[in-house]
Structures are given as structure tokens and as C-alpha cells.
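New to this one? Take a look at the model first, and then we'll walk through a few of its features together.

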Amino acid sequence: MKKYDLIVLGGGISGVAASVSAARQGLKVLLIDKTGQFGGAMTNSLVYPFMTYRTRPKNGGRRLLSAGIFTEMRDRFEKFGETSWEFYKFVFDEMTAESGVEVLFNATAFAVKTEEKRVTSLSAATVSGVLEFEADFFIDASGDGELFFLAGCDYQLGRESDGYSQPMTTCFRLCGADTELFRKEWNKLDALYAKE
């Protein structure tokens, strides 16, 4: 069984950031994702753009709320010269490869072993069969709390009063749209949306 300093479950933005950061600090890191590419909902399901990550201080200009790896990945994306956010998967490939993160794609975690309230190993189903990995530390970046659930941790689904959760995000693309007209009508559309 292979042993790591850190195993990160989930190759979305947060999982990539955690993995790259740890590997740059000299840790032996394994990043596991159930799909075949990094980026999570952003690259797999077109859930974008980034929500507001800048403020406008009273003295003018803009101040970033998130910097570090977030700024690095945005800078790298701009160098691709692409407008499709799907290209972030290539940015994340570069960042993980350069930092020495080991990657396991198309792997679904289905069991963990624990010892005195500490996760000690994770088992994943792959096309090569079941693989088990040990680590000193684990990060759950799965987006659904898969590692926490498998470890038997307490959790709450939705708000406490009725269990309701945020509705799904529905993203789509259009071709041949009149973008100038859309920009002109933006405020009217926002006002109509606010009434609902």
C-alpha cells in the first residue's frame, strides 16, 4: 500500500490549490478525482464565473479578496489567450505537474479506515481495481463531503430548520446572441429578476 504525507479527495479549484500548496512545501501529495480532468463544476459542468473577489475601497482602486494561488491560476489562464473557462483544466494540469503532485483520475472513493477518530487510509475503485492508500493527513475537497461521510463524521444537509439546500446552478451557452443589446438591457433584466 502506497503511503503519502497528504491525500486530497476532489480535484476542483480548492483541491488543486490545497494539493499544489502542500507539494510546494515539500509534502508527498496524492490528488484523487472521480472525473478525468481538474476543475470540478467549473470545467465539468460550466459553473462559472468566479463570484466577486475584489472590493472597491473608498480611497479608489480595487483590493483583491483572494490572492496567492487564485491569482496565479487566473494569470496562467490569461496566457492561454482563451475565453472558455474549460481551459482552466489545462492550467490545473500544469500547476499540479510542476509542483510534483501525484494524480489519480477516474477513481471513486468508497471506504476509509480510521483509528482513534483519525482517517488512516482511503480505498478507491478504479478501472485497475480497488486501490488503497495511506496518508498522515487527508483533505476533503470533494464538494459533497464524501470523505467526511465515509469516515462517519456528523454532518448537516441544508439549513437546520427544514433541510432545504441552495438550488442547482443552471448554466448554458448561446450562439449568435446580440451581446450589445444584452448589455443595454442588463439593468432592466436585473430589476425584473429582483421582483421575483
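## A loop out in the open

At 78% relative accessibility, Glu-116 counts as exposed, because the cut-off for that label is over 50%. Keep in mind that this is a predicted model. Glu-116 sits in the loop between strand 6 and strand 7, and its phi is positive, about 50 degrees, even though it isn't a glycine. That's worth a second look, since most residues other than glycine have a negative phi.

Lys-117 is found in the loop between strand 6 and strand 7 too. Lys-117 is not a glycine, yet its phi is positive at about 60 degrees. With 88% relative accessibility, Lys-117 counts as exposed.

Here are the two loop residues laid out in a table.

| Residue | Phi | Relative accessibility |
|---|---|---|
| Glu-116 | about 50 degrees | 78% |
| Lys-117 | about 60 degrees | 88% |

What does this loop connect? Strand 6 (residues 108–114) and strand 7 (residues 119–126) form a hairpin with four residues between the strands. The two strands pair in the antiparallel sense, over six bridges. If you'd like one pairing to find on screen, go to Ala-109: its bridge partner in strand 7 is Ala-124.

## Helix 3 and its cover

Now hop over to helix 3, which covers residues 69–80. Its 12 residues reach 17 Å from the first C-alpha to the last, close to the expected 16 Å. Which residues of helix 3 are buried? They are Ile-69, Phe-70, Thr-71, Glu-72, Met-73, Arg-74, Arg-76 and Phe-77. The cover over these buried residues includes helix 1 (13–24) and helix 4 (88–99), along with strand 3 (54–55) and strand 4 (63–64). Right after helix 3 comes Gly-81, with a positive phi near 70 degrees.

## Zooming out

Step back and you'll find six helices and eight strands in the chain. Read along the sequence, they follow the pattern β-α-β-α-β-β-α-α-β-β-β-β-α-α. The C-alpha atoms fill a box of roughly 60 × 45 × 40 Å along the principal axes.

Of the chain's 196 residues, 32% count as buried. Among contacts with a separation of 6 or more, 52% come from residues 24 or more positions apart. On the outside, the chain exposes about 13,300 Å², and carbon and sulfur atoms supply 53% of that. As for charge, the chain has 23 positive and 27 negative charges, and their mean positions lie 7 Å apart.

Definitions and conventions
Residues numbered from 1 in each chain as written. Predicted model: local features only at pLDDT ≥ 70, side-chain atom pairs only at ≥ 80, totals over all residues. Heavy atoms only, no water. Expected span 1.5 Å × (residues − 1). Buried < 20%, exposed > 50% of the residue type's maximum accessible area, 1.4 Å probe, protein only. Contact = heavy atoms within 4.5 Å. Pairing = 2+ DSSP bridges. Areas by Shrake-Rupley, 256 points an atom, 1.4 Å probe, with all protein chains shown as cover. Lys, Arg positive; Asp, Glu negative; His and termini not counted. Charge placed at Lys NZ, Arg CZ, Asp CG, Glu CD.
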